[in-house]
Amino acid sequence: MTFFLILAGAGLIFLAERAISNHFWDKGLSVSVRFPDKPAMEGEEAVLTEVIENRKILPLSWLNVKFRISRNLRFASMENTSTSDWNYKSDVFSILSNQRITRRLSFVCGKRGFYTITQADCISADLLMTGRLVDTFPQNTFFYVYPKTVDLSPVDLPFRRMIGAVTAQKMLYEDPFEFRGLRGYAPTDPMSRINWKATARTGQMLVNLHDSTASREAVIFLNVEDETIWKFEQLHEEAIRVASALCQRLLAESVPVRLYCNGIDVLTGSASLLPAGSGGRQMDTVNELLARIDLTKPCVPCIRQVEEAASSALPDLPLFVMISSCQKKDLAGAFRALSAKGSAGLWIAPLHPDMDLRVAASAEMDVVRWEVERIA
């Protein structure tokens, strides 16, 4: 009889432990997987932070935390990581009552992109390790990997000509109502430009500097379209890097940049148009847009965006740049006609060494071959 009482008591204890564990194991438990706040560039390292917190008396002797991350982000240590279409991270913790565990995981940004982690799955067991307990913790963290910087020396000469055209415009169309600052008087300065109040205050002859209201805008088309069924991802990735570097250089020259891209944005699901802007924030916006381009999805025809630009209200004599390995005759003709409406035109063609450059330079536009080595 005593044996059966002991057995019944043990059974009740077991059932009570199971009930308590099932009800309370994930109470006060939080799991957070966070990307760094700042973006990175291709090839750079970054750190993913994993925080597990148990805010209750009941400890968890065994807790398996799992999440998936893009395989383009490669962990420095691949321990507890399996790779297929994704990298699957699986870590085991033992967490006491009212304890927080923080783990930092270094990874290398192998490719530009917009990366997210949407959930973390947790698996545990009751105190007697007889039952499996499962829960899912939603995550809301994202991370931008910007295109890496490339050397723009192959386009130095046409770029100088473009900036020369901008400088000429600026000198011709200076606006007396756009005040920029002061400088010392030169004998060639007209008397009307002297700032008499500043001269009296400083005891030195000073003249007003004014900004130009003439257009100094650059309109850039980034074309990731293929001419045939063959896909040239390497060329398109290089075109994206060139677009980023060119925008940075133009913005450094105080030239506002407008960007058309016919690749599909992973957030909006459509091709992109970035309105003209200048300054550091515009460069961040450019890189964010470029990071979100999804080359696996069919793009819209670039000629449609060229025609849209031609029919829109563009400022006077903008600079036009096409970055495209696709060299369709109708696209080249449309862009040449558009370039004739501006102050300068430039076509940059990223090509493998065995590919022909078929777009011809003309009075309306320069053409530059941008060589891209094949990577097996």
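**Contacts and how they are classified**

Q: What makes Arg68 a charge that lies over the face of Trp86?
A: Arg68 lies at 3.9 Å from the ring centre of Trp86, and a charge is said to sit over a ring if CZ of Arg or NZ of Lys is within 6 Å of the centre and within 35 degrees of the ring normal. The charged end of Lys89 likewise sits over the ring of Phe75, 5.0 Å from its centre. This is a predicted model, in which local features need pLDDT of at least 70 and side-chain atom pairs count only at pLDDT 80 or more, while totals for chains, interfaces and linings use all residues. Residues are numbered from 1 along each chain as its sequence is written, and side-chain values use heavy atoms, with hydrogens and water left out.

Q: Why are Cys299 and Cys302 not bonded to their closest cysteine sulfurs?
A: A disulfide requires two cysteine sulfur atoms within 2.5 Å, whereas the sulfur of Cys299 is 8.4 Å from its closest counterpart, in Cys261, and is therefore too far for a bond. For Cys302 the closest cysteine sulfur, in Cys326, is 7.8 Å away, which is again too far. By this rule the count comes to zero disulfides.

Q: Is Cys302 called buried or exposed, and which word applies to Cys299?
A: Buried means under 20% relative accessible area, exposed means over 50%, and partly exposed covers what is in between (1.4 Å probe, protein chains only). Cys302, at 0%, is therefore buried, while Cys299, at 26%, counts as partly exposed.

Q: What makes the contact of Asp91 and Arg103 a salt bridge?
A: The N to O distance between the two side chains is 3.4 Å, and a salt bridge asks for a side-chain nitrogen of Lys or Arg within 4 Å of a carboxyl oxygen of Asp or Glu. Asp91 lies in strand 7 (residues 86-95) and Arg103 in strand 8 (residues 99-109), so the pair ties together parts that are twelve residues apart in sequence. Asp91 is buried at 1% relative accessibility, whereas Arg103 is partly exposed at 29%. A search of the whole structure finds 18 salt bridges, among them the one between Arg281 and Asp284, with an N to O distance of 3.8 Å, and the one between Glu371 and Arg369, at 2.7 Å.

Q: How do the side chains along strand 7 point, and which of them are buried?
A: They alternate, with Asn87, Lys89, Asp91, Phe93 and Ile95 on one face and buried, while Trp86, Tyr88, Ser90, Val92 and Ser94 point to the other face and are not buried. In a regular strand the side chains alternate between the two faces of the sheet.

Q: What makes strand 4 and strand 7 a pair?
A: Two strands pair if DSSP finds at least two bridges between them, and strand 4 (residues 60-70) and strand 7 meet in the antiparallel sense over nine bridges. Within strand 7, Val92 is the bridge partner of Asn64.

Q: How many aromatic pairs are there, and why is that of Phe114 and Phe142 called tilted?
A: Rings of Phe, Tyr and Trp (its six-membered ring) pair if their centres lie within 6.5 Å, and planes under 30 degrees apart count as stacked, over 60 as edge-to-face and the rest as tilted; by this rule the count comes to ten. The centres of Phe114 and Phe142 are 5.6 Å apart and their planes lie at 35 degrees, so the pair is tilted. For Tyr144 and Tyr146 the values are 6.4 Å and 50 degrees, so this pair is tilted as well. Phe114, Phe142, Tyr144 and Tyr146 form one aromatic cluster.

Terms used
Helix = DSSP H or I, 4+ residues; strand = E, 2+ residues; numbered from the N terminus.
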